[in-house]
Amino acid sequence: MKTDFLKSLLSSSGLSGFEIPVAELIKEKWASLTDELDQSALGSLHGLKRGSGKGHSVMIATHMDAIGLIVSKVSGEFLHVANLGGIDIRVLPGQAVIVHSERGDLSGIIAQPPAHLLPEGEAKGAVALKHLLIDVGLSARQVARKIKIGDTVSFATEPTEMSGGLLAGHSLDNRASVAALTLCLEELQSRDHIWDVWAAATVQEEIGHMGASTSAFQIRPDIAIAVNVTFAKGPGATNWETFELGSGPTIGLGAVNHPFLHQQFKELAEKLEIPFGIEILPGRSGTDGDDLQISVEGIPTIVISIPIRYMHTPVEVVATKDIQRTARLLTEFVAMLDADFLEKIVWDD
Amino acid sequence: MKPLIKKLTETFSPSGYENAIREVITDEIKDFADEIRVDALGNLIARKGSGGKKIMIAAHMDEIGLIVNHVDEKGFARFSPLGTFLPHTLVGARVRFLNGAYGVVGAEYLKKETQTKLAPLDKMFIDTGATSPKDSPVKIGDVAALERPFHDLGKRLIAKSMDNRVSVAVLIETMRKLKTTAHEVYFVFTTQEEVQVRGAITSAFGIAPEIGIAIDICPVGDTPDSAKKEVSLGKGVSIKIKDPLMIADPRIVTWMIKAAEKANIPYQREVSTLGSTDARAIQVAGAGAMVGGISIPCRYVHSPSEMVDYDDVQNTVKLLITLLEKKIEL
């Protein structure tokens, strides 16, 4: 798989609520792959790839925002930060970061105070975010001039290609899915499809799926697919909620996932001999799917996920072939949608 | 504006029981709106102006309160909270029921060895002076609010329900002073904010604004050993960038900051790790809106005595007028 586009997504900022840098990249890529492209009030990208039929549409949503930090207080030459999304604080000390200020990007590192300077009992285990500081190497005066409360802070780690077709980097959650959806749009250029496809790169998923609910309300698709990442097996992660890296996408099963769509995806993957896992999601899925399903008057929804290791750390790992398989599964599903598909979605049997 | 703040903070109207405060506000604004309506959840919606951008300015009018869940055999009224209370500020507080009865909050476990521990709310009770359910002036379902008079300390003001009646006062004053606007502005006094932001959900869906602004109070970081937060009392209007449940639209933040700087209105940048506002509901109503928040810094939030700085209050009015008067370019 060509990873240039994915790597450019991973190297770009675009934290929850501040998605402009990554949105610009995707906009540029999707411009030639879609018939219409616009943005919602919240900044989600909506790309329409028209089908040959009339009226029916499927929305494929991949959130483009990433977790990170935001400056909450400036103390002399150091910065205090709050989290944007559910960041894994255990891995923060020692990380290289970029502080995005109005005066340009500044390189920094996350420092933790020595144990004897922390309040009693706080030095055991992971040090709470409120005690961590960011050092950008500037004097207090320079910091006061250049950095403001509300400046975002993203990981500086560049994506790394590893052996065995693996790629490591921050923000694979969920830029891996954006890459899969983009690949799907590319494949659809030479495929016939009846249904309209709304490709959506949603905002603010990591802080409560604000983009998904508003985009679905605006687009009003007949069915919706949320593509996200799930937990791959790894050190200490071996239970039923985890999937082998490189074993294909997972197809969601449970409340948020419409049983008919689940069945259709499963049969399609079997027919195409695409390996897949079944992800049991008994309650909320923790993805855009939760909000897509209950938008407007309700939308039959399914969650398709790509397994990654070390979620919400700067070194998330994905098998690139899983991204390709996800793209292919999405393409074939879109191509399969016929004029009568909607009538087949019934609750009787 | 001080007499208005006094009148609003001395009105008793907890979440879900906003009739009294709605009446007071309606009386204050009726001559300054082009159109007034009340929606299904009791939100008071007043429109002013037309054309330009469709803007919703929300200030919740409810306050935190207590609701009786049973009266025990000795006549003590046990209660559930309407909204979030800090247990350590509640013991000893006086409450007034909507039916006019008064009471004082007491707690179990006030023995010597446990005195230093905080009692949880379910170990507290309201003593209304009753000795049995029979002679109790209150019964299951009766609602009370904190009872504390307004005090003017000069530059600083204290009262119960400064959260969010001080913002209600700001909205009323803005409506009075705003001679003309180039926009279709909806001033919305929302209900049930303290019980998970409910009134704003429906009023925003009904209005479908392009821009939403919530006016609320925000906790500060300027008291001894307080949270690591930059916002202080008296240092200006707080322009919200983020709270735990909402990230303000960067375009709105820039618009507000530029307007404040141009008009020489002191402001503070706010990244909050506690609480949220109506803005989070307006943001995701329908197809969504660009939202932001303007906060009035406030000490001792959700206690019976909340403190604000009068300069901050007046500056909030100034900023709102500056924002609404002119054409908006985002």
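Which residues is Phe187(B) in contact with, leaving aside its neighbours within four places in sequence? I started my notebook with that one, keeping in mind that this is a predicted model.

**Entry 1: Phe187(B) and the cores**

I looked up the partners and found Leu44(B), Ile45(B), Ala46(B) and Lys48(B), then Ile57(B), then Leu171(B), Thr174(B), Met175(B) and Leu178(B), and finally Leu324(B). I next checked where Phe187(B) sits among the nonpolar cores. It belongs to the largest one, which has 128 residues. Phe187(B) is listed there among the residues with the most contacts inside the core, together with Ile225(A), Ile25(B), Ile57(B) and Phe189(B). I was pleased to meet Ile57(B) again, since it is also a contact of Phe187(B). There is a second, separate core of 23 residues, and I noted Ile87(A), Val97(A), Leu138(A) and Phe155(A) as included in it.

**Entry 2: The two domains of chain B**

I turned to the domain assignment of chain B. Domain 1 is given as 2-63 + 160-325, and domain 2 as 65-146. Their C-alpha centres lie 30 Å apart. For the contact between them I found 12 residues of domain 1 of chain B against 16 residues of domain 2 of chain B. The area buried between these two domains is about 1100 Å², and carbon and sulfur atoms give 71% of it. On the side of domain 1 of chain B, Phe12(B), Tyr17(B) and His302(B) supply 46% of the area buried against domain 2 of chain B, more than any other three residues.

I then asked about charges and polar pairs. Zero salt bridges turn up across this domain interface, and the count of residue pairs in polar contact is one. The residues on the side of domain 1 of chain B that touches domain 2 of chain B divide into six nonpolar, three polar and three charged.

**Entry 3: Chain A against chain B**

How many residues does the contact take from each chain? I noted 26 from chain A and 21 from chain B. The area buried between the chains is about 2000 Å², with 65% of it from carbon and sulfur atoms. In chain A, I marked Ala41(A), Ile149(A) and Phe217(A), which lose the most area to chain B and together make up 25% of what that side buries.

Which residues form a salt bridge with closest N and O atoms 3.8 Å apart? I found Glu230(B) paired with Lys73(A). The count of salt bridges across the interface of chain A and chain B is one. I closed the page with the polar contacts, four residue pairs across this interface.

How values were computed: Residues numbered from 1 in each chain as written. Chains lettered and ligands numbered in written order. Predicted model: local features only at pLDDT ≥ 70, side-chain atom pairs only at ≥ 80, totals over all residues. Heavy atoms only, no water. Domains from an automatic or database assignment. Contact = heavy atoms within 4.5 Å. Buried area = accessible area lost by both parts, 1.4 Å probe. Salt bridge = Lys/Arg side-chain N within 4 Å of Asp/Glu carboxyl O. Polar contact = N/O pair within 3.5 Å; in protein donor to acceptor, adjacent residues only side chain to side chain. Nonpolar A, V, L, I, M, F, W, Y, C, P; charged D, E, K, R; others polar. Core = buried A, V, L, I, M, F, W, Y, C linked by side-chain atoms within 4.5 Å. Buried < 20%, exposed > 50% of the residue type's maximum accessible area, 1.4 Å probe, protein only.
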